[in-house]
Amino acid sequence: MKTSRQNAEHYIWGDQCDGWHLLKAQDLSIIYERMPAHTAEERHYHEESQQFFFVLEGTATIEIAGEVHELHQHEGIHVAPHIPHQMFNKSDSDIQFLVISEPTTRGDRFPA
């Protein structure tokens, strides 16, 4: 079965940010996310999960272990387990990106 934002499970997180579960398995998670202008997620880390963030539209800012990275359209970055990180949208436009997690982050998110 084909998957898209139109038929994926949707949820709202943070300050009116959207997520769509494109793949929701225990060993692999792929989420399409949208963050409105000037929003941020809570700084956190994962004990087991590694993640790859890939920007589809806009410019995202991500802080990883104290180092700030700006990701433009079609750029991505890996975050290893145990590494504190936080995604920001410091721009005036929405950003859209994929978050690929292996294994899933369900039950594996801790404040940093």
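This talk presents a predicted model of a protein chain, beginning with its largest pocket and ending with some features of the backbone.

Good morning, colleagues. Let me start with the pocket. The space in the largest pocket comes to about 270 Å³. Its lining consists of 15 residues. Nearest the centre of this pocket lie Y11, E33, E41, T105 and R109. As to character, the lining contains 7 nonpolar, 5 polar and 3 charged residues.

Which strands supply at least two residues each of this lining? They are strand 1, at 9-13, strand 3, at 29-35, strand 6, at 50-57, and strand 11, at 95-102. Strand 11 contributes the most, namely 3 residues.

I turn next to one residue of that lining, E41. On the chain, E41 sits in the loop between strand 4 (39-40) and strand 5 (44-45). Is E41 buried or exposed? Its relative accessibility is 10%, so E41 counts as buried, the limit being under 20%. Setting aside residues up to four places away in sequence, E41 touches W13, M35, H85, Q86, M87 and R109. Of these, R109 is also among the residues nearest the centre of the largest pocket. With M87 there is a polar approach as well: a polar atom of the E41 side chain lies 3.0 Å from the backbone nitrogen of M87.

Let us move to the aromatic residues. The model has 4 aromatic pairs. One of them is formed by F53 and F97, whose ring centres are 6.4 Å apart and whose planes meet at 40 degrees, a tilted arrangement. This pair links distant parts of the chain, since F53 belongs to strand 6 and F97 to strand 11, 44 residues apart. Both F53 and F97 are buried.

Strand 6 also holds V55. Why does V55 count as buried? The reason is its relative accessibility of 1%, where buried means under 20%. Leaving out neighbours within four places in sequence, V55 is in contact with A60, L71, H72, Q73, H74, E75, Q96 and F97. F97 is thus a partner of F53 in the aromatic pair and a contact of V55. For a sense of distance across the model, consider V55 and E9: they are 46 residues apart in sequence, and their C-alpha atoms are 20 Å apart in space.

Another contact of V55 is H74, and this residue brings us to the backbone. H74 is located in the loop between strand 8 (67-71) and strand 9 (76-79). Because its relative accessibility is 54%, and exposed means over 50%, H74 counts as exposed. V55, by contrast, counts as buried.

A general point will help here. Most residues other than glycine have a negative phi, and most peptide bonds are trans. In H74, phi is positive, near 70 degrees. Q16 likewise has a positive phi, near 65 degrees, and is not a glycine. Where is Q16 found? Its place is the loop between strand 1 and strand 2 (17-24).

Finally, which residues are joined by a cis peptide bond? The bond in question joins E102 and P103, with omega at about -10 degrees. P103 lies in the loop between strand 11 and strand 12 (110-111), while E102 falls within the range of strand 11, 95-102.

To close, I would invite you to look again at strand 11: it gives the most residues to the lining of the largest pocket, and it carries F97 of the tilted aromatic pair. Thank you for your attention.

Technical notes: Residues numbered from 1 in each chain as written. Predicted model: local features only at pLDDT ≥ 70, side-chain atom pairs only at ≥ 80, totals over all residues. Heavy atoms only, no water. 1 Å grid on protein atoms, 1.4 Å probe; cavity = no way out; pocket = protein on both sides within 12 Å on 5 of 7 lines; lining within 4 Å. Points joined across faces, edges and corners; volume = space filled by probe spheres on them. Helix = DSSP H or I, 4+ residues; strand = E, 2+ residues; numbered from the N terminus. Nonpolar A, V, L, I, M, F, W, Y, C, P; charged D, E, K, R; others polar. Buried < 20%, exposed > 50% of the residue type's maximum accessible area, 1.4 Å probe, protein only. Polar contact = N/O pair within 3.5 Å; in protein donor to acceptor, adjacent residues only side chain to side chain. Contact = heavy atoms within 4.5 Å. Phe/Tyr/Trp six-rings, centres within 6.5 Å; stacked < 30°, edge-to-face > 60°.
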